[in-house]
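Welcome! Here is a short tour of how some helices in this protein chain pack together, with a look at model confidence and a salt bridge along the way.

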Amino acid sequence: MTTDRPLRVLVVDDHPAVRAGVCALVEAEPGLVALEPVGDSFAVAPAVHAQRPDVVVLDYQLPGLDGLTLCRELRRSVLAPAVIIYSAFTERDMIVPARVAGAAAIIDKATAPRELTLAIRQVASGASLLPTPSDADLSAAGHRLSGVEHALLALLVDETPPGAIATALRLDPRDIGALVDGLLARLVVRGQFA
């Protein structure tokens with residue numbers, strides 16, 4: 001993103017102290033501005049619509065919908081912000097679901113503040129900070145999937161566009177969104193990530 005205006009950052013976390021701390025960190029950085037933060041999954045879509053953030057720093061564990069499901073919803077919107085999953089759980093098990101959801105990064109809540117602000121700048125410029133899933137990552141994620149879901153997962157990990165996915169799988173392009181939603185639901189076991 002090349003613009004003279006500051007990068008607008010929306011912080012979503014159910015803990016008031018975390019929201020306040022991340023917002024203060026963002027405000028202290030030149031060229032970044034913290035928008036009015038939100039504390040639950042139901043307030044995310046209205047806040048994104050009203051505030052138009054460039055980047056959403058999104059807690060994984062929220063009341064209501066989990067962060068990856070919210071990420072998927074945000075990434076389908078017309079003015080989709082970049083999304084950083086901000087979680088205490090950043091193990092390799094989260095890489096594949098985060099990629100399917102459209103996240104640009106996963107940042108551990110224990111990371112150094114400078115790393116978070118650097119990630120915000122990088123994802124706002126279009127970078128993906130997610131590691132490429134290994135064969136072991138895909139195998140671990142895929143043990144719960146059907147044949148079509150395996151094929152869909154492989155295409156998504158390769159960042160294949162939706163139209164090409166529909167062609168490759170011989171599906172109606174209008175069905176791809178629902179298939180990806182179902183795939184994400186099967187990859188993410190509720191309560192698996194904290």
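## Helices α7 and α9

In this predicted model, helices α7 and α9 are roughly perpendicular to each other, because angles from 65 to 115 degrees count as such. Helix α7 spans residues 147-157, and its angle with α9 is about 100°, the two axes lying 11 Å apart.

Which residues of α7 and α9 make the contact? From α7 come Glu-149, Leu-152, Leu-153 and Leu-156, while α9 brings in Leu-179, Val-180, Leu-183, Arg-186 and Leu-187. Sorted by class, the contact of α7 with α9 has seven nonpolar and two charged residues, with no polar ones.

## Helices α3 and α9

Helix α9 (residues 176-187) also packs with helix α3 (residues 67-75), here at an angle of about 165° and with an axis separation of 11 Å. That angle makes α3 roughly antiparallel to α9. The crossing of these two, α3 and α9, is right-handed.

On the α3 side, the contact is made by Leu-68, Thr-69 and Arg-72; on the α9 side, by Gly-177, Val-180, Asp-181 and Leu-184. The mix in the contact of α3 with α9 is three nonpolar, two polar and two charged residues. Val-180 is worth finding in the viewer: this residue of α9 takes part in the contact with α3 and in the contact with α7.

## Helices α1 and α5

Let's move on to another pair. Helix α1 (residues 16-27) and helix α5 (residues 113-124) have axes that come within 10 Å and cross at roughly 70°. That makes α1 roughly perpendicular to α5, and their crossing is right-handed.

Where the two meet, α1 offers Val-22, Leu-25 and Val-26, and α5 offers Pro-113, Leu-116, Thr-117 and Ile-120. Six residues in the contact of α1 with α5 are nonpolar and one is polar, while none is charged.

## A salt bridge across the sequence

How many salt bridges does the structure hold? There are 10. One joins Asp-54 to Arg-5, with 2.7 Å between the closest N and O atoms. This pair links distant parts of the chain, 49 residues apart: Asp-54 sits in the loop between α2 (44-51) and β3 (55-59), and Arg-5 in the segment before β1 (7-12).

## Confidence

The protein chain has an average pLDDT of 88, and 95% of the residues score at least 70. Over residues 190-194, please note, the pLDDT is below 50. Beyond near neighbours in sequence, that stretch has 20 contacts in the model.

Note on methods: Residues numbered from 1 in each chain as written. Predicted model: local features only at pLDDT ≥ 70, side-chain atom pairs only at ≥ 80, totals over all residues. Heavy atoms only, no water. Axes fitted to C-alpha atoms, helices over the stretch in contact; angles between N-to-C directions. Helix = DSSP H or I, 4+ residues; strand = E, 2+ residues; numbered from the N terminus. Parallel < 35°, antiparallel > 145°, perpendicular 65-115°, else oblique. Left-handed = near helix turned anticlockwise from the far one by under 90°. Contact = heavy atoms within 4.5 Å. Nonpolar A, V, L, I, M, F, W, Y, C, P; charged D, E, K, R; others polar. pLDDT = per-residue confidence, 0-100. Salt bridge = Lys/Arg side-chain N within 4 Å of Asp/Glu carboxyl O.
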